[in-house]
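Me: Could you walk me through how some helices are arranged in this model? I'd enjoy a short question-and-answer tour.

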Amino acid sequence: MSGRHEAWFDDEAGPLVRSYAVTGGRTRSDTLGLDLITLVVALRTAHEAGMLEPEYARIIALCQRPVSVAEVAARVDLPLPVVKVMLSDLIEQNLVLFRTAAPAQETPNRHVLQAVLDGIRKL
């Protein structure tokens, strides 16, 4: 095996270690409660983020408008846990702002559900 064909590289998958090397081996970031629908938005322009590592700068560029964590992960083509770690890093550095969805009530309000059902029946 030579060069690109060593143990850390798979011809079909590409580099097998790159994602986790970017995060320093960290794979979990549960402290902020980021989930798939959490919205993130950059507090700096892509130009101002030019001093960051390329993967972090790309996330900043993608987050110039509010975008979900899931969409960021899809666009940067990195595993979701890695993107969550990277977003957590950016949030802790005050480069990105996040907002989670309001928590759902324990049980749905029966009156609201009945009103929705009544409205559907009228259609």
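Reply: Happy to; here are a few questions on helix packing and a helix cap. The model is predicted, with local features needing pLDDT of at least 70, side-chain atom pairs pLDDT 80 or more, and totals for chains, interfaces and linings using all residues. Residues are numbered from 1 along each chain as its sequence is written, and side-chain values use heavy atoms, leaving out hydrogens and water.

Me: Are α2 and α3 parallel, antiparallel, perpendicular or oblique to each other?
Reply: Helix α2 covers residues 54–62 and helix α3 residues 69–76, and their axes lie 10 Å apart at an angle of about 130°. Angles under 35 degrees count as roughly parallel, over 145 as roughly antiparallel, 65 to 115 as roughly perpendicular and the rest as oblique. The pair α2 and α3 is therefore oblique.

Me: Which residues of α4 make the contact with α2?
Reply: The axes of α2 and α4 (residues 80–92) come within 11 Å and cross at roughly 75°, so the two are roughly perpendicular. Contact means heavy atoms within 4.5 Å. On the α2 side it involves Glu 55, Tyr 56, Ile 59 and Ile 60; on the α4 side, Met 86, Leu 87, Asp 89 and Leu 90.

Me: Which residue caps the N-terminal end of α5?
Reply: Helix α5 spans residues 110–122 and has 13 residues. At its N-terminal end, a side-chain oxygen lies 2.8 Å from the backbone nitrogen of His 111. That oxygen belongs to the capping residue, Asn 109.

How values were computed. Helices (H or I, at least four residues) and strands (E, at least two) are DSSP runs, numbered from the N terminus. The expected span of a helix is 1.5 Å times one less than its number of residues. A polar contact is a pair of N or O atoms within 3.5 Å; within protein, one must be able to donate a hydrogen and the other to accept it, and residues adjacent in sequence count only if both atoms are side-chain atoms. Axes are lines fitted to C-alpha atoms, for helices over the stretch in contact, and angles run from 0 to 180 degrees between N-to-C directions.
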